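Dear colleague,

I am passing on the structure we spoke about, and would be glad if you could look through it. My notes come after it.

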Amino acid sequence: PAPRTVLLTGAAGGVGTLMRGLLPAYGYTLRLFDATPIDGEPGAVTADLADKEALREAVRGVDAVIHLAGISLEAPFDKILRANIEGTYNLYEAARAEGVRRMIFASSNHAIGFTPVPAEGAPLIPVGAPHRPDTFYGLSKAFGEDLAQLYWDLHGIETVSVRIGSCFMEPTSVRMLSIWLSPGDGARLFHAALTAEDVGHTVVHGSSANTRLWWDLDSARAIGYEPRDDSEQYAQKLVADQGELDPSRPDHAHLGGPFCTDPPQWPY
Ligand code: NAI
Ligand code: 15L
């Protein structure tokens, strides 16, 4: 049966807030989890991913988990270790102990951030491209994908790892035109990931059907994702303001963009 009750970790964050607004229309009842309290959501669980007891209680009885919680940018290794690496392990252990069968893991383009941007007319980046993390943050996403593979092979817990491009209301840079995931397409992709059968551990690229796409959406489409949006409507203004990307610059030549320099070149 299709999942109905879904735990949403990271529900207070940017993507979590967008998905709280959009996923109920697909028929899901969401249970919310975040270290940050959520205004107007008295039922939300306010707890850290380090709290194993809170995680056990949070996953008890849900049909699936969408795991968004964690540090979402580069940070010192010990912080990434606790929140993203140990935190994701703690969540999977809780899910295993409570019999949850389906996970959606918010991976990132930064797991393969040092992959060169494809030249014009060259094949798009395939989902099987090797991990090339651009930061400790990206490394934690590569770990999360491998953890998901282990829990499938060893424990039969299914995961769709969604390598999110840039999921915001609108793209804010020329680079984001290539990897933008509109909120509506994000909800369509999570819905597909929750309902597709026999996914084992499947990695998908998370973008809208952007004209300037850098990576392929084949495995996402194979689980039933049908994107409807295209960032091109924002291109004229962004290119006029920022110019086209310059492939001689390391922060323009790689998928991970400004994460590929030391230190990362905020903002992007
Ligand atoms: P965000 O930083 O806005 O939200 C993350 C949420 O996780 C926050 O509400 C924070 O309180 C919570 N959190 C952090 N550490 C925690 C801990 N130890 N225990 C409990 N809660 C904790 O990030 P955003 O943009 O909403 O991203 C959501 C997820 O998607 C993240 O895992 C991020 O790495 C991933 N992602 C997002 C992309 C985007 O374009 N927004 C792109 C690629 C990946
Ligand atoms: C990410 O993984 C970050 O969480 C998000 O804030 C954006 O920086 C995004 O990647 C991106 O690459 O644009």
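What follows is a description of the sheet, the core, the helices, one loop residue and the surroundings of the ligands.

The model is predicted, and local features were considered at pLDDT of at least 70 and side-chain atom pairs only at pLDDT 80 or more, while totals for chains, interfaces and linings use all residues. Residues are numbered from 1 along each chain as its sequence is written, and chains are lettered from A and ligands numbered from 1 in the order in which they are written.

The sheet comes first. Helices (H or I, at least four residues) and strands (E, at least two) are DSSP runs, numbered from the N terminus, and two strands pair if DSSP finds at least two bridges between them. On that basis there is an open sheet of 7 strands, in the order 3-2-1-4-5-6-7 and with parallel pairing. Strand 3 (45–46) and strand 7 (201–206) each have a single partner strand and stand at the edges, so one side of each is left without a neighbour in the sheet. Strand 5 is joined to strand 4 by 3 bridges and to strand 6 (residues 158–164) by 7 bridges, the latter two strands running parallel. Phe105 of strand 5 stands opposite His67, and its bridge partner in strand 6 is Ser161.

Burial is counted on C-beta atoms placed from the backbone: a residue is buried if 20 or more others lie within 10 Å of its own, exposed if 12 or fewer, and partly exposed in between. In strand 5, 7 of its 7 residues are buried, with Arg102, Ile104, Ala106 and Ser108 on one side and Met103, Phe105 and Ser107 on the other. The largest nonpolar core (buried Ala, Val, Leu, Ile, Met, Phe, Trp, Tyr and Cys residues joined through C-beta atoms within 7 Å) has 70 residues, and those with the most contacts inside it are Val6, Val65 and Ile104. Contact between two residues means that their C-beta atoms, placed from the backbone, lie within 7 Å; leaving aside neighbours within four places in sequence, Val6 has such contacts with residues including Tyr28, Leu30, Val62 and Leu194.

Two helices can be set side by side. In helix 2 (residues 52–59), Leu55, Ala58 and Val59 are buried. They cover an arc of only 85 degrees around the axis (taken from the directions from the helix axis to the C-beta atoms), which puts them on the same side of helix 2. The buried residues of helix 2 pack against strands 1, 2, 3 and 4 and against helix 3. In helix 8 (residues 235–242), by contrast, the number buried is 0 of 8 residues, so this helix lies largely in the open.

Arg132 sits in the loop between strand 5 and helix 4 (136–155) and counts as partly exposed, with 18 C-beta neighbours inside 10 Å. Its C-alpha atom is separated by 5.9 Å from that of Gly113, 19 residues apart along the chain.

Finally, the ligands, where a residue is near a molecule if its C-beta atom, placed from the backbone, lies within 6 Å of it. Ligand 1 is surrounded by 23 residues, the closest being Gly13, Ala35, Ser72, Ala106 and Ile164, and helix 1 gives the most to this shell, with 3 residues. Around ligand 2 there are 8 residues, of which Ser72, Ser108, Asn109, His110 and Ser166 are the closest.

With best regards
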